[in-house]
Amino acid sequence: QARWADPKLSWGLVPTMGALHQGHISLAKRSVSENDKSCATIFVNPTQFAPTDDLDQYPRPLEKDLEMFEAAGIDMVFTPTPDVMYPAGFGTRVIVDGVTARLEGEHRPGHFDGVTQVVSKLFNIVQPYRAYFGQKDAQQTVVLKKMVRDLNFNLDLIICPTVREPDGLAMSSRNIYLSAEQRQNATVLYRSLAKAKDMIEQDDIRDASLIRQTIREMVNNTPETELIYASVADGANLRELDQISGNILISLAVRVGETRLIDNFILNNI
């Protein structure tokens with residue numbers, strides 16, 4: 001009802017799982033600057049968590065989140081419960097083939113089915129002109145672009161730059177799980193990506209396996225870190241490359257202690 005009180009107004013949508021940081025707030029501020037009204041959502045979506053994931057432990061500081069969104073200029077926050085989003089008898093899924101099979105999809109089966117399911121519902125509920133997502137979840141942005149195109153969602157998907165701490169670590173709701181020592185060790189994600197970028201752009205290395213090997217060695221030589229994957233892939237279809245050219249996505253997932261972190265760099269026109 002609030003959304004359609006004045007149909008002439010443009011609306012932006014900022015979907016989140018809460019536990020907000022300045023990365024989320026950058027999305028909110030951009031939506032506020034580009035639309036007449038902005039709606040944010042806070043929903044820890046159970047269908048995108050595997051049984052071994054941290055669903056129960058995922059932080060839920062709702063009052064603080066609401067204060068942060070209000071300060072950023074958000075007009076409305078939708079905070080549904082699982083029984084609202086998935087009522088008794090719910091049985092519909094939205095599945096994007098191909099780009100969901102690799103990287104995160106390979107290591108977290110069913111994750112993107114949950115993402116596309118909940119995001120498609122949020123698009124239908126709010127019906128925004130524009131929806132805002134962060135580049136840190138690079139594969140998610142590729143999946144959602146395909147879903148929007150394939151299903152003719154009437155909106156623009158706006159992908160915003162990753163927001164980082166001063167030492168390069170990508171902001172994440174899961175960073176709060178890290179001890180002081182683990183927090184320092186976690187900078188290896190950014191450092192290895194920066195090294196890969198330099199190897200490609202400055203040293204003119206085009207052997208993708210060498211880039212992956214360098215990332216692997218840097219992570220393996222860092223205490224309390226376990227590499228889940230290192231990828232040098234085509235930026236559009238996410239297939240692993242042998243030779244580097246065109247638009248590429250360098251990404252990795254690392255477990256730091258018990259905390260799973262991801263990060264990526266995009267290099268264009270290589």
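**Helix H8 and some ring pairs**

Mentor: Val-188, Leu-189, Ser-192, Leu-193, Ala-196, Met-199 and Ile-200 are the buried residues of H8. Buried means under 20% relative accessible area, exposed over 50% and partly exposed in between, using a 1.4 Å probe and protein chains only. Helices (H or I, at least four residues) and strands (E, at least two) are DSSP runs numbered from the N terminus. This is a predicted model, where local features need pLDDT of at least 70, side-chain atom pairs count only at pLDDT 80 or more, and totals for chains, interfaces and linings use all residues. Residues are numbered from 1 along each chain as its sequence is written, and side-chain values use heavy atoms, leaving out hydrogens and water.

Trainee: Where do the buried residues of H8 fall, seen down the axis?

Mentor: They fall within an arc of 135°, so they line one face of the helix. The arc is that of the directions from the helix axis to the C-beta atoms.

Trainee: And what covers the buried residues of H8?

Mentor: The cover includes helix H7 (180-185), helix H9 (208-220), strand E6 (225-234), strand E7 (248-256) and strand E8 (259-267). Contact means heavy atoms within 4.5 Å.

Trainee: Switching to rings, how many aromatic pairs are there?

Mentor: The count is six aromatic pairs. Rings of Phe, Tyr and Trp (its six-membered ring) pair if their centres lie within 6.5 Å; planes under 30 degrees apart are stacked, over 60 edge-to-face, the rest tilted. Phe-49 and Tyr-58 are edge-to-face, because their ring centres are 6.0 Å apart and their planes at 80°.

Trainee: Is Tyr-58 buried or exposed?

Mentor: Tyr-58 is buried, at 7% relative accessibility.
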